[in-house]
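Trainee: Could you walk me through this one slowly?

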Amino acid sequence: MTAIDLAARGLARRALAALSPCLFSELSVSDVAPEVDRIATTGHAAAGLGAGHYVHDALCDAALLAAHPACVFQSANGRIFRLLGANGAISVEQCGAQGDPAGTNLVNDQPAIQAALDYAAATGIGEVVFEQRAYSVWATQRVNPADQLYARDGHPLTVTATVALRSACGDSYLNFRGRDGTSMENDWYLVKTTAGDAAPNAVWRGGGLFVLGDVGTLPSPLSIEKLTIDHVHLIGGRARTGNHGWPADPATGDGWDVTDKAFWLQDSQIGRIELIGVEIAGFKGELFYIGGAQPAHEYLLVDCHIHTTNGDALNAGGGGGFLTARGCRFGNAFQAAEVIGGIGQIYDHCRFYDSDGGGIGGGPTGGFLYNYGHAHRDPALPVPFAQLNDCVIDRIPNFHLGSWTRGTLTTIDCQLNLPGWGQNIATDIDLEITAWADRQAAYSVVSLSGPASLTEQVSGAPAGIYNQPARSIRIHVRSAKRTQQGRDANSGFFNSIYFLGGHFEAATVCLSADDVEASRYVDAYGHFVELPFVELARRFLPNPYSQPDGGNYSTPDPGSTDTVNPTTPAHLFAPTGAGVVEVAIGNNHAYVHGQRLRLWHGGGGAGDRIIRLSPGNAGLDLSAAVELRNLGDHVELQWNGQTGAWQRASGMLPAAAATVGPVDLTDIPDLPAGKVTSGQFDPARIPPLDAAAIGSGVIDAARLPMPDWSSIANRPNFASVAISGNYADLAGAPPLGLLAGAPLAAPDADRIPFWDDSAGSVAWLGLGSGLSISGTTLSASAGGGGSSAWTLIASASPVGVPIVDFTTIAQTYADLMIVFTGVSHDHGSNAYFDARTSNDGGATFSGTGTFASQSLAASTLFFGALLIPGYTLGAGIMFGAADNHAASPGASTASARMLPWRADGGLNGLRIAMSAGNFDAGTITLYGR
């Protein structure tokens with residue numbers, strides 16, 4: 001020791017004896033007089049940074065000194081002093097933090113921040129303050145296996161006691177780095193998954209803030225009764241690469257790294273969490289993660305922004321807690337939210353955005369039962385609602401909502417799926433929705449489904465416990481529109497407003513809409529059974545593929561009975577020719593009492609094409625026949641649950657529509673004064689009279705009904721008339737229409753006579769492509785010219801080839817669909833399905849869009865479909881998904897792909913290609929409708 005050192009130490013002792021302030025680093029080499037119990041410092045390691053007061057009291061012992069050397073010192077003469085909180089708070093600077101305002105990441109403040117947290121926990125100090133804008137926090141080394149949940153090593157920061165973390169300068173950022181200060185994007189390492197593993201095999205990054213509460217028998221009060229983070233931000237600096245495979249790949253470190261959770265509470269108990277004005281961003285795993293059985297009683301998030309990860313932004317899936325989020329944003333993630341569980345949730349003016357998926361569901365209460373998604377509640381507790389108040393879901397193709405959800409939503413480029421994540425039931429749901437299509441096309445606004453059968457077993461439950469029909473649901477779509485940009489880009493809702501399937505408790509499900517635009521209003525699929533109560537939209541805006549009111553349609557032949565089984569509240573008939581088509585309604589589906597059905601005349605060409613609903617036709621309960629004669633004529637029916645038939649609803653036919661038979665006088669509208677001439681009724685307003693009701697007087701023959709020829713006695717027998725006779729000379733002969741005066745030679749085949757106007761004569765009608773007659777039945781192998789059902793166009797079972805082509809596709813359908821059934825490939829590693837288009841019948845193909853929702857392992861059998869609406873247009877979008885299904889029935893949450901395409905003049909060729917290898921199993925089928 002030099003003379004200079006001795007002199008410095010002597011000066012320090014003399015200063016302390018006079019109670020002169022000094023640095024914390026100088027205190028341990030100084031004597032403190034016995035009468036001094038409190039000392040002030042000018043800083044921790046440097047003047048002006050971390051100044052504080054230190055006290056000698058009953059807490060000051062050797063154990064406290066050994067555990068917290070950054071906050072406790074022992075003087076040269078053996079006295080122990082500890083850091084004293086100011087108004088119950090200490091700063092991380094008082095524990096040695098230097099801060100990193102320049103963002104160099106050259107100084108590691110992790111030890112100082114952790115020291116502050118640990119000291120606050122040991123001494124009951126309730127607040128840790130961050131005085132500067134930025135800090136660099138380097139990762140610590142993980143020694144324990146990854147499955148040791150409660151081990152603290154490897155976690156950068158750990159909270160174990162009630163505390164509030166607050167910024168003293170408005171906003172403070174904790175930048176989490178690798179072990180040597182480098183970016184954790186690449187500075188990950190491997191640890192053993194379990195202690196029994198022979199070598200390290202799991203990626204470890206460690207996340208950000210690890211919250212370790214009580215385990216086992218719970219104390220009172222809890223160790224962490226309340227954890228508050230106020231404008232202290234957790235920034236990881238990791239990128240979202242779009243690889244959401246988990247766990248992360250040990251070779252590349254990429255994927256969903258379940259060890260890299262930014263805010264991490266799992267399987268331990270605390271009281272309440274409050275995050276106020278907090279940004280959490282840039283980690284490879286969940287950003288706000290609450291896991292396990294009732295880990296926290298209550299959560300409050302206010303003005304938080306949680307974003308950028310390969311995993312979930314918001315994952316508060318632990319059962320039991322009540323979550324409130326106000327003015328928060330969650331996004332740029334694989335799932336913006338994965339929240340199932342809790343006694344209740346409130347989302348007030350929150351935004352979920354730019355993610356592959358996500359979802360929110362109320363309940364369960366009392367912990368999970370049978371499986372993670374099983375919806376159940378304790379009837380003795382309040383309803384576990386998830387309340388969404390004016391929330392926005394933006395550019396998330398599929399967002400799931402589970403049971404007990406209610407509120408108001410705006411969706412942008414999004415389809416809502418109910419129930420979420422394969423839950424056993426959708427129940428107690430009440431939603432008001434405003435939907436927009438902007439930069440991407442969406443399939444439908446809402447997909448609502450029940451189980452495929454009433455004996456569909458609940459996963460993980462004892463035998464005999466079945467999934468339940470959807471019930472107690474009201475959904476109202478206020479509007480579903482395209483933005484102007486969406487209109488310019490041909491985006492939109494290319495299927496329907498409501499997409500329905502499965503079993504419903506139909507009387508308790510009500511669907512409605514105000515002002516909407518889509519290809520259809522309602523589309524029912526697959527195992528559809530009951531039609532819930534669906535109110536007709538107040539205003540339905542058609543697109544090029546739409547029917548009036550967004551309904552279904554059929555193209556019946558004259559002289560036939562068209563039996564429809566409505567799955568939507570509207571149906572259009574477009575007869576193939578002149579004549580009468582009788583309408584009957586089948587009993588394939590069940591309906592709710594009061595359900596309305598609007599039937600339209602869709603025109604179709606020259607001649608009287610009459611759509612007739614006659615009393616006695618199947619499914620109808622009418623007092624008189626109803627005829628629709630002209631394009632646009634329509635009538636409304638209403639289902640009577642007591643009689644089990646459709647009856648005439650209130651409301652009038654257009655003036656062009658005629659009524660045959662007894663007239664319901666209540667259905668005759670009042671005539672305007674201008675229609676009554678000089679005290680006489682306009683004869684055109686007088687309904688036809690029944691023949692039996694005609695009395696004496698002069699009768700206008702034009703107003704008499706046509707006689708029933710079969711009821712006329714002594715009518716001539718035309719079978720005895722020679723062919724050379726003149727039919728027109730036979731008095732009282734019935735009109736023979738096309739055959740009058742025009743005998744035809746036998747065609748030696750089944751044919752139909754028709755009038756050839758260009759030749760001015762009668763001829764036999766020939767059969768075009770796809771048409772045939774067998775007996776008295778006319779069949780169309782290519783769909784009959786526009787049926788709403790899917791028609792097989794072509795099918796292939798490729799083996800040993802890398803492509804499947806569908807060429808010269810006819811332009812006679814509205815939509816196309818490619819169905820994949822058990823398709824696989826022989827490539828030794830991952831490969832993808834590509835879809836390519838042609839507008840020259842398949843001579844050339846261009847444009848590649850990857851269709852499969854994930855990489856395909858060679859052993860995978862993929863099932864799914866690719867829908868192509870409006871393929872005859874010059875541009876559009878393909879939409880669909882395919883995924884591995886080992887068993888039937890099966891369903892999955894594979895993200896759908898939307899592939900924009902262009903084909904001037906319309907698309908008439910399609911190619912499905914492997915990115916590598918060849919197809920080796922399955923069937924690829926093309927349908928049209």
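Mentor: We will go through a sheet and then some unusual backbone spots.

Mentor: This is a predicted model, where local features need pLDDT of at least 70, side-chain atom pairs count only at pLDDT 80 or more, and totals for chains, interfaces and linings use all residues. Residues are numbered from 1 along each chain as its sequence is written, and side-chain values use heavy atoms, with hydrogens and water left out.

Trainee: What is the order of the open sheet of six strands?

Mentor: The order is β54-β63-β56-β59-β60-β61, with antiparallel pairing; strands are DSSP runs of E, at least two residues, numbered from the N terminus, and two of them pair if DSSP finds at least two bridges between them.

Trainee: Which strands stand at the edges?

Mentor: Those are β54 (791-796) and β61 (897-902), and because each has a single partner strand, one side of each is left without a neighbour in the sheet.

Trainee: And how many bridges pair β54 with β63?

Mentor: β54 and β63 (residues 919-928) pair over five bridges in the antiparallel sense, and L792 has Y927 in β63 as its bridge partner.

Trainee: New topic: which residue in strand β28 has a positive phi?

Mentor: That is D390, with a phi of about 50° although it is not a glycine, and its strand β28 covers residues 386-394.

Trainee: What about D549, buried or exposed?

Mentor: D549 is buried, with a relative accessible area of 14%, whereas D390 counts as partly exposed at 45%; buried means under 20%, exposed over 50% and partly exposed in between, with a 1.4 Å probe and protein chains only.

Notes:
Helices (H or I, at least four residues) and strands (E, at least two) are DSSP runs, numbered from the N terminus.
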